[in-house]
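Visitor: I would like a close look at a single part of this chain, with the surroundings that bear on it. Please take me through it slowly, and keep the residue pairings explicit.

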Amino acid sequence: IDSICQAHGLTVGKFMSPCILDVHDQIQINGIPINEQELDFIFELFARSGLSGMLTDFELLTCAAFKHFERNNVDIALIETGMGGLYDSTNVVTPIVSIITSIALEHTNFLGDTIPQIASHKAGIIKKGCPVLFGGNSKEALEVISEKANSKIFTVDYSNLSNISCTLSGSTFNFGEQNFSLSMLGIYQPYNAAIAISAVEILRKNGLDISDKAVYEGLKSTRLNGRFELIKENPIVIFDGSHNPHGVNAAIESIKNYFDGKVVLLMGVMADKEYPEMVKTLSEVAAKAFTVKPKNPRALDSMLLADEFIRNGVDAEFSTELSAGVEKALTYAEKHQLPLIALGSLYMYSEFMNFI
């Protein structure tokens, strides 16, 4: 949606999490992260205005994003919730459209351990009279969203999605009568694009006359670091930010689409994720696993992660330093002429890219 709106000539604010390279890229205008001077100015403004120090990092960044967008008079702001929605700090806006992409089991210690419970949290972003777009396929989730909604609900008609072709050069697909291209990899991206196109249709009904040309060019030029991103070609190195069972399943389907046979895995995860389930499914495509501990206080010890792979019948080595793990995994991939897939957490993207 960001890329499409930019292609139409709009000034677009975007707030998302987690950060990819550093905290500044969570707050962007037309794809350009907020700079250090602007963020310093905004935090100084907060201090002078007596803003409480009892806020979380994410709450502070939410305030900073809103202030940055106001100061730069953006035409449209795209606000991603941090977790859930109902009690999220972003949930103070009255949006043009609320988009709930899909519902999967994640953050279960906060949001509940069933699809209806999680859907109830995510439905908390719905505002009276504001249209809702649901991009998931869970009937349970849609029932909850319908109960919570006091506004019009739209769903994505995936039967309109056809002729999907995904190669390492990108994807092509039809949605309705039109043909589209994507440069991003990941066999799930045409489905994400279908949600974006459907959202744009709702924006059009609310007075944003976005052209068909902008939709086509915006989708083709969309880039997103860390989502089945091709980093290197010899050997093939891909970084994918999948960090829960739902995301890992999507990564596995993409691996099967792009590659014959098994791949080398480099993996680091947060300890509060459902990593045993993730490892169990990844074992299906793993020739060998190299485990690391991302630089984050929530990160799981790499030895425990390696043990989980071994329990699932996969040869695994652990490293205490990410750089050492990357080096060993690259060497193994080169020697055996196998693709290397790094995944498990976006928190290791920056360090991984610095080493590569």
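Guide: What follows is a walk through one mixed sheet and the elements that meet it, with a shorter look at the rest of the chain for context.

The model is a predicted one, and the part I have chosen is an open sheet of 6 strands, whose order is β11-β12-β16-β13-β14-β15 and whose pairing is mixed. At its edges stand β11 (229-233) and β15 (316-318), each with a single partner strand, so one side of each is left without a neighbour in the sheet. On average, neighbouring strands here are turned by 20 degrees against each other, direction ignored. As a general point, strands of a sheet pair through backbone hydrogen bonds, in either a parallel or an antiparallel arrangement.

Starting from the β11 edge, β11 and β12 form a hairpin, with 2 residues between them. Their pairing is antiparallel and runs over 4 bridges, and within it Glu 233 has Ile 236 of β12 as its bridge partner. On to the next pair in the order: β12 and β16 are joined in the parallel sense, again over 4 bridges, with Asp 240 facing Leu 343 of β16 as its bridge partner. Further along, strand β13 (residues 263-267) pairs with strand β14 (residues 286-291) in the parallel sense over 5 bridges, and there the bridge partner of Val 264 is Lys 288 in β14.

Two helices can be placed against this sheet. Helix α10 (residues 275-282) lies across β13, β14 and β16 (340-343), and runs at about 165 degrees to β13. Helix α12 (residues 322-336) also packs on the sheet, touching β11, β12, β13, β14, β15 and β16, while its direction makes about 180 degrees with that of β13.

Strand β12 deserves a closer reading: 4 of its 5 residues are buried, so the strand is largely enclosed by the rest of the structure. A search of the whole structure finds 10 aromatic pairs, and one of them involves this strand: the rings of Phe 239 and Phe 352 have their centres 5.3 Å apart and their planes at 50 degrees, so the pair is classed as tilted. Because Phe 239 lies in strand β12 (residues 236-240) and Phe 352 in helix α13 (residues 349-355), the pair ties together parts that are 113 residues apart in sequence. Both Phe 239 and Phe 352 are buried.

Elsewhere in the chain there is an open sheet of 3 strands, in the order β5-β6-β7 and with parallel pairing. Its edge strands are β5 (98-100) and β7 (153-155), each of which pairs on one side only, and its neighbouring strands are turned by 20 degrees against each other on average, direction ignored. Strand β6 (residues 132-134) pairs with β7 in the parallel sense over 3 bridges, where Val 132 stands opposite Ile 153 in β7. Helix α7 (residues 189-205) lies across β5, β6 and β7 and runs at about 165 degrees to β6. A charge-over-ring arrangement can also be noted: the charged end of Lys 152 sits over the ring of Phe 154, 5.2 Å from its centre.

A further aromatic grouping is formed by Phe 173, Phe 180 and Tyr 216, which ring pairs link into a cluster. Tyr 216 is also touched by Ser 181, whose contacts, not counting residues up to four places away in sequence, include Ser 171, Thr 172, Leu 219 and Lys 220 as well. Ser 181 lies in strand β10 (residues 178-182) and, at 14% relative accessibility, counts as buried.

To set these parts in the whole, the chain contains 13 helices and 16 strands, and buried residues make up 49% of its 356 residues. Among contacts between residues at least 6 apart in sequence, 64% join residues at least 24 apart. Along its principal axes the C-alpha trace spans about 55 × 55 × 40 Å. For 356 residues, a compact globule would have a radius of gyration near 21 Å, and the chain has 21 Å, which agrees.

Note on methods: Residues numbered from 1 in each chain as written. Predicted model: local features only at pLDDT ≥ 70, side-chain atom pairs only at ≥ 80, totals over all residues. Heavy atoms only, no water. Phe/Tyr/Trp six-rings, centres within 6.5 Å; stacked < 30°, edge-to-face > 60°. Buried < 20%, exposed > 50% of the residue type's maximum accessible area, 1.4 Å probe, protein only. Lys NZ or Arg CZ within 6 Å of the ring centre and 35° of its normal. Pairing = 2+ DSSP bridges. Axes fitted to C-alpha atoms, helices over the stretch in contact; angles between N-to-C directions. Contact = heavy atoms within 4.5 Å. Rg over C-alpha atoms; globule rule 2.2 N^0.38 Å.
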